[in-house]
Amino acid sequence: MLGVNKPLWPVTHNGIRQSMIDHVIGATADVESVLISANSNLAQYTQRGLVISDAQQQLTGAGPLAGILAGLRYATTPWLLICPGDTPYLRSGWHHALRKRRHDSPEIDAVVVHDGERLQPLHLLLRTNLEPHLAEHIARGHRSAWSWLESLNTAEVIFSEPEQFRSVNRFADLD
């Protein structure tokens, strides 16, 4: 998207025009606190929650796993909800199904979204005590959220509306 900081790009959803990240935060309005993994435009993100950068974590090139690791390190709750900032079409309260699945299966480490077509490995609920496990995964050179989730006791929640998990990666995705 021509170097645009995608989560800050304005999008109209449900008749409201605001940045993608504001749509995401609005869809999870009942969460206790917001942690944002960002590496630029930090002042703009700070207006929305605590910002953690890859530089603070001394992790470069780890992709989305760096942000997840940062969240696990800074979380003050036993579970951490993960959601990409470029998925503005989420339904309000989408994460409640993940919470319910967690309560129904107390032995699980992670609950991940299955959109009815495929896993969405960056829409998930994780135990925060997994931080050492993820740090080791990254230290071994692994960068895939899929492979890390496969190494955990992970449960899936199937959603019937896959379009809500659509990432905006090109301007054409905004249509």
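Start with helix α4, which is mostly covered: eight of its 11 residues are buried. The model you have open is predicted.

**Stop 1: helix α4**

Select residues 64–74, the whole of α4. Now pick out the buried ones: L65, A66, G67, I68, L69, A70, G71 and L72. They count as buried because the relative accessible area of each is under 20%.

**Stop 2: α4 against α6**

Keep α4 on screen and add helix α6, residues 131–139. The two axes come within 9 Å and cross at roughly 155°. How do the two helices run relative to each other? Angles over 145 degrees count as roughly antiparallel, so α4 and α6 are roughly antiparallel. The crossing of α4 past α6 is left-handed.

Next, show the side chains at the contact. From α4, select L65, A66, I68, L69, L72 and R73. From α6, select E131, L134, A135, H137 and I138. What kinds of residue make up this contact? Eight are nonpolar, one is polar and two are charged.

Look at the spacing of the contact residues as you turn the view. An α-helix has 3.6 residues a turn, so residues three or four places apart point the same way.

**Stop 3: strand β1**

Move to residues 10–13, which form strand β1. In a regular strand the side chains alternate between the two faces of the sheet. Which side chains of β1 are buried? V11 and H13 are, and they point to one face. P10 and T12 point to the other face and are not buried.

**Stop 4: the hairpin**

Add strand β2, residues 16–19. β1 and β2 pair in the antiparallel sense, over four bridges. Find P10, then look across to S19 in β2, which stands opposite. Two residues lie between the strands of this hairpin.

Select N14, in the loop between β1 and β2. Most residues other than glycine have a negative phi. N14 is not a glycine, yet its phi is positive, about 55°. Is N14 buried or exposed? N14 counts as exposed because its relative accessibility is 65%, and the cut-off for exposed is over 50%.

**Stop 5: another positive phi**

Finish at N41, in the loop between β3 (35–37) and α2 (42–46). N41 is not a glycine, and its phi is positive, about 50°. How exposed is N41? Its relative accessibility is 34%, so N41 counts as partly exposed.

Terms used:
Residues numbered from 1 in each chain as written. Predicted model: local features only at pLDDT ≥ 70, side-chain atom pairs only at ≥ 80, totals over all residues. Heavy atoms only, no water. Axes fitted to C-alpha atoms, helices over the stretch in contact; angles between N-to-C directions. Parallel < 35°, antiparallel > 145°, perpendicular 65-115°, else oblique. Left-handed = near helix turned anticlockwise from the far one by under 90°. Contact = heavy atoms within 4.5 Å. Nonpolar A, V, L, I, M, F, W, Y, C, P; charged D, E, K, R; others polar. Buried < 20%, exposed > 50% of the residue type's maximum accessible area, 1.4 Å probe, protein only. Pairing = 2+ DSSP bridges.
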